[in-house]
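Q: I'm new to this structure and would love a close look at a single part. Could you walk me through chain B?

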Amino acid sequence: MDWDDEDALLATSSKGDALDFLNLDAPAPTETETPLSELIRHWMNERHAPTILAAQEQLLGLLLDHIRRQTDAVQALRGHPSTSEEEHIRIMLVQTEVERVKFIVRSYIRTRLYKIEKYARFITTDAEIQTRLTTAEKAYASSQAQHTDRHLHYSVLQSLPPAQAHLDDQPIFVPPMVTQPNKSRAVFAYALKECPPVRLPDGTTLTLEKDQLTLVPFYVVEHLVERGTAELV
Amino acid sequence: MNDTRQFGDLATQLVTESRRSTQTDNLLKYNDSLVRSIIREQRDLEKAAQTLAIEADPDNLPPALLIYQTAISRNKRCLLAYHTHRLDHLKDMYWAVGGALPHILSNSDIRGKLSPHEVDYLRQYNSTVMEFRGEFSYELDIMAGITNPPKDLLVLVHVVRDCGVIQTEQGSIDFQKDQRFMVRRADIEHLIVQGYLEEVS
(Lines give C-alpha, C1' and ligand atoms only; values in the text may rest on other atoms or scores of the structure.)
Protein backbone atom coordinates (compact mmCIF):
# COMPACT_ATOMS: atom_id res chain seq x y z
CA MET A 1 0.00 0.00 0.00
CA ASP A 2 1.30 3.39 -0.90
CA TRP A 3 1.10 5.67 2.08
CA ASP A 4 3.02 8.54 0.61
CA ASP A 5 0.05 9.62 -1.40
CA GLU A 6 -2.16 9.82 1.68
CA ASP A 7 0.29 11.78 3.76
CA ALA A 8 0.85 14.15 0.91
CA LEU A 9 -2.52 15.72 1.39
CA LEU A 10 -2.00 16.39 5.07
CA ALA A 11 0.90 18.57 4.13
CA THR A 12 -0.26 19.25 0.59
CA SER A 13 3.28 20.20 -0.11
CA SER A 14 3.95 17.78 -2.94
CA LYS A 15 5.89 20.23 -5.08
CA GLY A 16 5.73 18.20 -8.27
CA ASP A 17 6.43 19.23 -11.82
CA ALA A 18 2.81 20.19 -12.23
CA LEU A 19 3.35 23.11 -9.89
CA ASP A 20 6.40 24.61 -11.48
CA PHE A 21 4.68 25.61 -14.67
CA LEU A 22 1.80 27.06 -12.69
CA ASN A 23 4.17 29.58 -11.25
CA LEU A 24 5.63 30.75 -14.53
CA ASP A 25 3.58 33.87 -15.04
CA ALA A 26 2.63 34.36 -11.40
CA PRO A 27 5.74 33.82 -9.33
CA ALA A 28 4.92 32.36 -5.94
CA PRO A 29 5.15 35.08 -3.28
CA THR A 30 6.88 32.68 -0.92
CA GLU A 31 8.98 29.69 -1.74
CA THR A 32 6.89 27.42 0.45
CA GLU A 33 3.49 28.13 -1.09
CA THR A 34 1.58 24.87 -1.63
CA PRO A 35 -1.39 24.40 -3.96
CA LEU A 36 -3.72 24.57 -0.99
CA SER A 37 -2.24 27.73 0.48
CA GLU A 38 -2.27 29.19 -3.01
CA LEU A 39 -5.96 28.45 -3.29
CA ILE A 40 -6.55 29.94 0.15
CA ARG A 41 -4.88 33.15 -1.05
CA HIS A 42 -7.08 33.25 -4.17
CA TRP A 43 -10.11 32.43 -2.06
CA MET A 44 -9.44 35.37 0.28
CA ASN A 45 -8.74 37.70 -2.63
CA GLU A 46 -11.95 36.62 -4.31
CA ARG A 47 -13.96 37.18 -1.16
CA HIS A 48 -12.61 40.68 -0.67
CA ALA A 49 -12.47 41.93 -4.22
CA PRO A 50 -15.47 43.86 -5.56
CA THR A 51 -15.04 42.42 -9.05
CA ILE A 52 -14.48 38.88 -10.31
CA LEU A 53 -10.82 37.89 -10.39
CA ALA A 54 -9.14 35.64 -12.92
CA ALA A 55 -10.28 32.01 -12.71
CA GLN A 56 -7.67 29.59 -11.34
CA GLU A 57 -8.63 26.67 -13.51
CA GLN A 58 -5.31 24.81 -13.42
CA LEU A 59 -4.88 25.17 -9.69
CA LEU A 60 -8.46 24.12 -9.05
CA GLY A 61 -8.17 21.19 -11.41
CA LEU A 62 -5.03 20.07 -9.62
CA LEU A 63 -6.72 20.16 -6.23
CA LEU A 64 -9.85 18.46 -7.51
CA ASP A 65 -7.73 15.66 -8.96
CA HIS A 66 -5.99 15.37 -5.65
CA ILE A 67 -9.27 15.19 -3.76
CA ARG A 68 -10.50 12.50 -6.09
CA ARG A 69 -7.35 10.40 -5.80
CA GLN A 70 -7.34 10.69 -2.02
CA THR A 71 -11.00 9.76 -1.76
CA ASP A 72 -10.49 6.70 -3.97
CA ALA A 73 -7.41 5.65 -2.02
CA VAL A 74 -9.22 6.07 1.31
CA GLN A 75 -12.10 3.95 0.04
CA ALA A 76 -9.76 1.19 -1.05
CA LEU A 77 -7.80 1.20 2.21
CA ARG A 78 -10.81 1.26 4.49
CA GLY A 79 -12.19 -1.91 3.03
CA HIS A 80 -8.86 -3.72 3.02
CA PRO A 81 -8.63 -6.43 5.72
CA SER A 82 -4.92 -5.89 6.39
CA THR A 83 -5.33 -2.24 7.36
CA SER A 84 -4.15 -1.89 10.95
CA GLU A 85 -5.77 0.06 13.77
CA GLU A 86 -3.13 2.75 13.59
CA GLU A 87 -3.68 3.12 9.90
CA HIS A 88 -7.40 3.56 10.43
CA ILE A 89 -6.70 6.58 12.56
CA ARG A 90 -4.51 7.98 9.84
CA ILE A 91 -7.27 7.35 7.31
CA MET A 92 -9.63 9.32 9.49
CA LEU A 93 -7.20 12.22 9.60
CA VAL A 94 -6.88 12.17 5.84
CA GLN A 95 -10.65 12.11 5.46
CA THR A 96 -11.04 15.06 7.79
CA GLU A 97 -8.43 16.98 5.87
CA VAL A 98 -10.13 16.15 2.58
CA GLU A 99 -13.38 17.55 3.99
CA ARG A 100 -11.57 20.73 4.99
CA VAL A 101 -10.04 21.17 1.56
CA LYS A 102 -13.44 20.56 0.00
CA PHE A 103 -14.86 23.29 2.19
CA ILE A 104 -12.41 25.85 0.84
CA VAL A 105 -12.87 24.74 -2.76
CA ARG A 106 -16.63 24.94 -2.32
CA SER A 107 -16.52 28.34 -0.70
CA TYR A 108 -14.22 29.61 -3.45
CA ILE A 109 -16.53 28.39 -6.20
CA ARG A 110 -19.61 29.75 -4.47
CA THR A 111 -18.05 33.16 -3.92
CA ARG A 112 -17.47 33.41 -7.64
CA LEU A 113 -20.99 32.18 -8.39
CA TYR A 114 -22.45 34.83 -6.13
CA LYS A 115 -20.63 37.59 -7.97
CA ILE A 116 -21.46 36.09 -11.34
CA GLU A 117 -25.15 36.14 -10.47
CA LYS A 118 -24.94 39.68 -9.20
CA TYR A 119 -23.24 41.01 -12.34
CA ALA A 120 -24.73 38.50 -14.80
CA ARG A 121 -26.12 41.11 -17.16
CA PHE A 122 -22.95 43.17 -17.11
CA ILE A 123 -20.84 40.07 -17.80
CA THR A 124 -22.77 39.24 -20.96
CA THR A 125 -21.96 42.68 -22.40
CA ASP A 126 -18.37 43.09 -21.21
CA ALA A 127 -15.66 41.18 -23.09
CA GLU A 128 -12.93 42.04 -20.61
CA ILE A 129 -14.58 40.42 -17.58
CA GLN A 130 -15.43 37.33 -19.65
CA THR A 131 -11.74 36.57 -20.09
CA ARG A 132 -11.56 35.95 -16.36
CA LEU A 133 -14.30 33.30 -16.28
CA THR A 134 -14.22 29.60 -17.08
CA THR A 135 -16.43 28.21 -19.83
CA ALA A 136 -18.90 26.78 -17.33
CA GLU A 137 -19.04 30.08 -15.48
CA LYS A 138 -19.70 31.98 -18.70
CA ALA A 139 -22.56 29.63 -19.53
CA TYR A 140 -23.90 30.10 -16.03
CA ALA A 141 -23.72 33.89 -16.33
CA SER A 142 -25.52 34.05 -19.65
CA SER A 143 -28.31 31.72 -18.60
CA GLN A 144 -28.70 33.71 -15.37
CA ALA A 145 -28.95 36.96 -17.30
CA GLN A 146 -31.44 35.37 -19.67
CA HIS A 147 -33.69 34.03 -16.93
CA THR A 148 -33.72 37.29 -15.02
CA ASP A 149 -34.48 39.22 -18.19
CA ARG A 150 -37.30 36.89 -19.02
CA HIS A 151 -38.75 37.10 -15.55
CA LEU A 152 -38.67 40.90 -15.58
CA HIS A 153 -40.14 40.90 -19.06
CA TYR A 154 -43.11 38.73 -18.13
CA SER A 155 -43.71 40.38 -14.77
CA VAL A 156 -43.28 44.02 -15.71
CA LEU A 157 -41.90 45.07 -19.05
CA GLN A 158 -44.38 43.42 -21.38
CA SER A 159 -47.24 45.32 -19.73
CA LEU A 160 -45.56 48.71 -20.04
CA PRO A 161 -46.00 50.93 -23.09
CA PRO A 162 -43.51 49.91 -25.83
CA ALA A 163 -41.37 53.01 -25.31
CA GLN A 164 -40.60 51.92 -21.75
CA ALA A 165 -40.24 48.20 -22.30
CA HIS A 166 -36.42 48.02 -22.38
CA LEU A 167 -34.05 47.07 -19.66
CA ASP A 168 -30.91 48.80 -20.83
CA ASP A 169 -32.10 52.36 -21.28
CA GLN A 170 -30.10 55.17 -19.72
CA PRO A 171 -32.59 57.22 -17.74
CA ILE A 172 -31.70 60.81 -16.97
CA PHE A 173 -30.54 61.85 -13.48
CA VAL A 174 -30.10 58.29 -12.21
CA PRO A 175 -27.34 55.68 -12.55
CA PRO A 176 -27.78 52.90 -15.15
CA MET A 177 -29.84 49.92 -14.10
CA VAL A 178 -27.31 47.22 -14.94
CA THR A 179 -25.29 46.45 -11.82
CA GLN A 180 -21.56 46.84 -12.36
CA PRO A 181 -18.68 45.95 -10.09
CA ASN A 182 -17.61 48.96 -8.06
CA LYS A 183 -13.85 48.95 -8.41
CA SER A 184 -13.33 51.98 -6.22
CA ARG A 185 -14.49 50.12 -3.12
CA ALA A 186 -11.90 50.27 -0.37
CA VAL A 187 -9.92 47.12 0.35
CA PHE A 188 -7.10 46.18 2.72
CA ALA A 189 -4.08 45.17 0.68
CA TYR A 190 -1.13 43.34 2.19
CA ALA A 191 2.15 43.38 0.31
CA LEU A 192 3.68 39.93 0.05
CA LYS A 193 6.89 41.45 -1.29
CA GLU A 194 8.07 44.86 -2.35
CA CYS A 195 5.68 46.24 -4.96
CA PRO A 196 6.25 48.74 -7.76
CA PRO A 197 4.81 52.19 -6.96
CA VAL A 198 1.07 52.64 -7.44
CA ARG A 199 -0.77 55.84 -8.21
CA LEU A 200 -3.34 56.97 -5.67
CA PRO A 201 -6.56 58.78 -6.63
CA ASP A 202 -5.16 62.16 -5.50
CA GLY A 203 -2.21 61.84 -7.91
CA THR A 204 0.50 60.93 -5.43
CA THR A 205 2.32 57.62 -5.65
CA LEU A 206 2.69 55.00 -2.99
CA THR A 207 5.31 52.29 -2.77
CA LEU A 208 4.29 49.27 -0.78
CA GLU A 209 7.12 47.71 1.20
CA LYS A 210 7.09 44.02 1.99
CA ASP A 211 4.60 43.19 4.78
CA GLN A 212 3.00 46.62 4.58
CA LEU A 213 -0.75 46.80 5.07
CA THR A 214 -2.75 49.61 3.49
CA LEU A 215 -6.34 50.66 2.85
CA VAL A 216 -6.85 51.75 -0.76
CA PRO A 217 -9.50 51.69 -3.48
CA PHE A 218 -9.48 48.32 -5.21
CA TYR A 219 -8.47 49.58 -8.67
CA VAL A 220 -5.21 50.96 -7.26
CA VAL A 221 -3.91 47.52 -6.29
CA GLU A 222 -5.84 45.41 -8.82
CA HIS A 223 -2.78 44.58 -10.94
CA LEU A 224 -0.68 43.78 -7.83
CA VAL A 225 -3.29 41.28 -6.63
CA GLU A 226 -3.43 39.76 -10.09
CA ARG A 227 0.34 39.31 -10.20
CA GLY A 228 0.41 37.90 -6.70
CA THR A 229 2.65 40.57 -5.20
CA ALA A 230 -0.12 41.71 -2.86
CA GLU A 231 -3.12 39.99 -1.34
CA LEU A 232 -6.40 41.25 0.04
CA VAL A 233 -7.06 40.67 3.71
CA MET B 1 -58.05 63.33 4.92
CA ASN B 2 -55.87 64.52 2.15
CA ASP B 3 -56.76 62.73 -1.06
CA THR B 4 -54.29 64.31 -3.42
CA ARG B 5 -51.81 61.88 -4.88
CA GLN B 6 -48.47 62.51 -6.46
CA PHE B 7 -46.85 60.59 -9.26
CA GLY B 8 -44.83 57.79 -7.77
CA ASP B 9 -46.74 57.41 -4.50
CA LEU B 10 -47.65 53.84 -5.38
CA ALA B 11 -44.10 53.00 -6.34
CA THR B 12 -42.95 54.27 -2.97
CA GLN B 13 -45.35 51.85 -1.31
CA LEU B 14 -43.90 49.03 -3.37
CA VAL B 15 -40.33 49.86 -2.41
CA THR B 16 -41.36 50.18 1.22
CA GLU B 17 -42.55 46.60 1.01
CA SER B 18 -39.16 45.47 -0.22
CA ARG B 19 -37.54 47.34 2.61
CA ARG B 20 -39.83 45.74 5.16
CA SER B 21 -39.03 42.37 3.70
CA THR B 22 -35.32 43.01 4.19
CA GLN B 23 -35.72 44.34 7.68
CA THR B 24 -37.80 41.42 8.89
CA ASP B 25 -35.94 38.92 6.68
CA ASN B 26 -39.28 37.66 5.54
CA LEU B 27 -40.79 37.13 2.14
CA LEU B 28 -44.04 39.09 1.76
CA LYS B 29 -46.84 38.03 -0.52
CA TYR B 30 -46.39 39.11 -4.14
CA ASN B 31 -48.36 42.36 -4.40
CA ASP B 32 -50.02 41.80 -7.73
CA SER B 33 -52.67 44.52 -7.41
CA LEU B 34 -50.15 47.22 -6.53
CA VAL B 35 -47.90 46.21 -9.40
CA ARG B 36 -50.88 46.40 -11.75
CA SER B 37 -51.87 49.85 -10.47
CA ILE B 38 -48.37 51.15 -11.09
CA ILE B 39 -48.36 49.72 -14.60
CA ARG B 40 -51.66 51.51 -15.19
CA GLU B 41 -50.11 54.74 -13.91
CA GLN B 42 -47.22 54.19 -16.30
CA ARG B 43 -49.61 53.95 -19.25
CA ASP B 44 -51.41 57.13 -18.19
CA LEU B 45 -48.12 58.96 -17.78
CA GLU B 46 -46.92 57.80 -21.17
CA LYS B 47 -50.15 58.98 -22.77
CA ALA B 48 -49.95 62.37 -21.05
CA ALA B 49 -46.33 62.76 -22.12
CA GLN B 50 -47.19 61.79 -25.70
CA THR B 51 -50.01 64.32 -25.94
CA LEU B 52 -47.81 67.01 -24.52
CA ALA B 53 -44.96 66.21 -26.88
CA ILE B 54 -47.22 66.28 -29.94
CA GLU B 55 -48.85 69.57 -29.08
CA ALA B 56 -45.64 71.31 -28.08
CA ASP B 57 -43.25 73.21 -30.28
CA PRO B 58 -40.31 70.80 -30.83
CA ASP B 59 -37.71 73.55 -30.26
CA ASN B 60 -39.27 74.68 -27.04
CA LEU B 61 -40.52 71.65 -25.08
CA PRO B 62 -42.56 72.39 -21.96
CA PRO B 63 -40.90 71.59 -18.60
CA ALA B 64 -43.90 69.42 -17.72
CA LEU B 65 -42.54 66.83 -20.12
CA LEU B 66 -39.46 66.45 -17.97
CA ILE B 67 -41.62 65.83 -14.91
CA TYR B 68 -43.49 63.07 -16.75
CA GLN B 69 -40.29 61.49 -17.99
CA THR B 70 -38.74 61.50 -14.53
CA ALA B 71 -41.87 60.00 -13.00
CA ILE B 72 -41.88 57.29 -15.65
CA SER B 73 -38.28 56.26 -15.13
CA ARG B 74 -38.65 56.34 -11.36
CA ASN B 75 -41.75 54.13 -11.42
CA LYS B 76 -40.09 51.71 -13.76
CA ARG B 77 -37.01 51.53 -11.60
CA CYS B 78 -39.11 50.86 -8.51
CA LEU B 79 -40.99 48.08 -10.30
CA LEU B 80 -37.79 46.41 -11.43
CA ALA B 81 -36.17 46.88 -8.03
CA TYR B 82 -39.15 45.24 -6.33
CA HIS B 83 -39.01 42.21 -8.59
CA THR B 84 -35.24 41.87 -8.44
CA HIS B 85 -35.29 42.17 -4.67
CA ARG B 86 -37.76 39.33 -4.49
CA LEU B 87 -35.63 37.18 -6.78
CA ASP B 88 -32.61 37.80 -4.56
CA HIS B 89 -34.60 36.76 -1.52
CA LEU B 90 -35.83 33.62 -3.28
CA LYS B 91 -32.27 32.71 -4.28
CA ASP B 92 -31.13 33.12 -0.68
CA MET B 93 -33.90 30.79 0.42
CA TYR B 94 -32.92 28.34 -2.27
CA TRP B 95 -29.29 28.19 -1.18
CA ALA B 96 -30.25 28.10 2.50
CA VAL B 97 -31.91 24.71 2.00
CA GLY B 98 -29.02 23.42 -0.09
CA GLY B 99 -30.85 23.73 -3.39
CA ALA B 100 -33.75 21.47 -2.47
CA LEU B 101 -36.32 23.12 -4.71
CA PRO B 102 -39.22 20.73 -3.95
CA HIS B 103 -38.67 21.60 -0.29
CA ILE B 104 -39.50 25.25 -1.05
CA LEU B 105 -42.26 24.66 -3.57
CA SER B 106 -44.09 22.06 -1.50
CA ASN B 107 -44.32 24.49 1.41
CA SER B 108 -47.80 25.94 0.89
CA ASP B 109 -47.01 28.97 3.03
CA ILE B 110 -44.14 30.01 0.77
CA ARG B 111 -45.85 28.85 -2.40
CA GLY B 112 -48.80 31.16 -1.67
CA LYS B 113 -46.51 34.17 -1.59
CA LEU B 114 -45.00 33.59 -5.00
CA SER B 115 -46.24 34.81 -8.35
CA PRO B 116 -46.50 32.14 -11.08
CA HIS B 117 -43.58 33.76 -12.90
CA GLU B 118 -41.47 33.46 -9.79
CA VAL B 119 -42.16 29.73 -9.58
CA ASP B 120 -41.04 29.41 -13.20
CA TYR B 121 -37.98 31.44 -12.45
CA LEU B 122 -37.00 29.22 -9.53
CA ARG B 123 -37.35 26.12 -11.69
CA GLN B 124 -35.10 27.59 -14.38
CA TYR B 125 -32.67 28.79 -11.76
CA ASN B 126 -32.57 25.33 -10.26
CA SER B 127 -31.76 23.72 -13.59
CA THR B 128 -28.93 26.19 -14.26
CA VAL B 129 -27.42 25.59 -10.83
CA MET B 130 -27.75 21.82 -11.19
CA GLU B 131 -25.97 21.96 -14.53
CA PHE B 132 -23.11 23.88 -12.97
CA ARG B 133 -23.01 21.52 -10.01
CA GLY B 134 -22.58 18.65 -12.46
CA GLU B 135 -19.14 20.04 -13.39
CA PHE B 136 -17.85 19.02 -9.98
CA SER B 137 -20.09 16.06 -9.23
CA TYR B 138 -17.28 13.56 -8.99
CA GLU B 139 -15.22 15.46 -6.44
CA LEU B 140 -17.53 17.43 -4.23
CA ASP B 141 -20.98 18.88 -3.83
CA ILE B 142 -20.85 22.64 -4.30
CA MET B 143 -24.33 22.98 -2.81
CA ALA B 144 -23.27 21.90 0.67
CA GLY B 145 -22.99 24.48 3.43
CA ILE B 146 -20.22 27.06 3.47
CA THR B 147 -21.04 28.82 6.71
CA ASN B 148 -19.14 26.58 9.13
CA PRO B 149 -15.92 24.85 8.23
CA PRO B 150 -15.97 21.13 9.08
CA LYS B 151 -14.30 20.30 12.42
CA ASP B 152 -15.17 16.64 12.79
CA LEU B 153 -15.76 13.87 10.36
CA LEU B 154 -18.65 12.38 12.29
CA VAL B 155 -21.64 14.04 13.82
CA LEU B 156 -24.28 12.85 16.27
CA VAL B 157 -27.73 13.59 14.93
CA HIS B 158 -31.22 13.35 16.30
CA VAL B 159 -33.99 12.56 13.81
CA VAL B 160 -36.73 15.21 13.93
CA ARG B 161 -38.83 13.90 11.05
CA ASP B 162 -38.86 10.54 9.28
CA CYS B 163 -36.83 10.75 6.15
CA GLY B 164 -36.65 7.15 4.99
CA VAL B 165 -33.62 5.14 3.95
CA ILE B 166 -30.55 7.19 3.10
CA GLN B 167 -27.40 5.87 1.46
CA THR B 168 -24.33 6.72 3.51
CA GLU B 169 -20.75 5.64 3.56
CA GLN B 170 -21.55 3.05 6.26
CA GLY B 171 -24.30 1.57 4.14
CA SER B 172 -27.96 2.55 4.05
CA ILE B 173 -29.58 3.85 7.22
CA ASP B 174 -33.28 4.09 7.91
CA PHE B 175 -33.76 7.38 9.76
CA GLN B 176 -36.85 7.21 11.95
CA LYS B 177 -38.16 9.90 14.24
CA ASP B 178 -36.44 10.29 17.63
CA GLN B 179 -33.59 7.95 16.82
CA ARG B 180 -29.98 8.99 17.15
CA PHE B 181 -27.15 8.18 14.79
CA MET B 182 -23.44 8.81 14.56
CA VAL B 183 -22.89 9.47 10.87
CA ARG B 184 -20.49 11.14 8.50
CA ARG B 185 -21.33 14.79 8.25
CA ALA B 186 -20.90 15.00 4.48
CA ASP B 187 -23.46 12.23 3.97
CA ILE B 188 -26.32 13.84 5.82
CA GLU B 189 -25.56 17.55 5.85
CA HIS B 190 -28.38 18.29 3.39
CA LEU B 191 -30.84 16.62 5.79
CA ILE B 192 -29.76 18.89 8.63
CA VAL B 193 -30.19 21.91 6.36
CA GLN B 194 -33.68 20.83 5.36
CA GLY B 195 -34.69 20.23 8.95
CA TYR B 196 -35.03 16.44 8.96
CA LEU B 197 -32.14 15.92 11.34
CA GLU B 198 -30.80 17.95 14.19
CA GLU B 199 -27.24 18.06 15.40
CA VAL B 200 -26.82 16.96 19.01
CA SER B 201 -24.16 19.09 20.64
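A: Happy to help; here is a walk along chain B, with a short look at chain A at the end.

Please keep in mind that this is a predicted model. A good way in is the domain assignment, which divides chain B into domain 1, residues 9-134, and domain 2, residues 154-199. The C-alpha centres of these two domains of chain B are 39 Å apart.

Let's begin with domain 1, which starts at residue 9. Helix 1 of chain B covers residues 9-24, and its 16 residues should span 22 Å at 1.5 Å a residue; the end C-alpha atoms are 23 Å apart, so expectation and model agree. Right after helix 1 of chain B comes Asp25(B), with a positive phi of about 50°.

Further along, an unreviewed UniProt entry annotates residues 57-134 of chain B as "domain: GINS subunit". Across residues 57-134, chain B is 79% helix and 0% strand. The C-alpha atoms at the two ends of that stretch are 61 Å apart.

Now for domain 2, residues 154-199 of chain B. Here you can find an open sheet of three strands, in the order 4-1-5, with antiparallel pairing. Strand 4 (180-184) and strand 5 (197-199) of chain B are the edge strands; each has a single partner strand, so one side of each has no neighbour in the sheet. From one strand to the next, the twist averages 45°.

Look at strand 1 of chain B, residues 154-159: five bridges pair this strand with strand 4 of chain B in the antiparallel sense. One spot to look for is Val157(B), whose bridge partner in strand 4 of chain B is Phe181(B). A helix joins this picture too: helix 7 of chain B, residues 185-193, lies across strand 1, strand 4 and strand 5 of chain B. Helix 7 runs at about 120° to strand 4 of chain B.

Finally, here is the look at chain A. Chain A has an open sheet of three strands in the order 4-1-5, paired antiparallel. Its neighbouring strands are turned by 40° against each other on average, direction ignored. Strand 1 of chain A (residues 186-191) is joined to strand 4 of chain A by five bridges, and the two run antiparallel. Within this pairing, Tyr190(A) stands opposite Leu213(A) of strand 4 of chain A. The helix packing on this sheet is helix 3 of chain A, residues 35-48, which touches strand 1 and strand 5 of chain A. The direction of helix 3 makes about 60° with that of strand 5 of chain A.

Technical notes: Residues are numbered from 1 along each chain as its sequence is written. Chains are lettered from A and ligands numbered from 1 in the order in which they are written. This is a predicted model: local features need pLDDT of at least 70, side-chain atom pairs count only at pLDDT 80 or more; totals for chains, interfaces and linings use all residues. UniProt positions are given in the numbering used here, feature names are shortened, and annotations may be inferred rather than shown by experiment. Helices (H or I, at least four residues) and strands (E, at least two) are DSSP runs, numbered from the N terminus. Two strands pair if DSSP finds at least two bridges between them. Axes are lines fitted to C-alpha atoms, for helices over the stretch in contact, and angles run from 0 to 180 degrees between N-to-C directions. Two residues are in contact if their C-beta atoms, placed from the backbone, lie within 7 Å. Domain bounds come from an automatic or database domain assignment. The expected span of a helix is 1.5 Å times one less than its number of residues.
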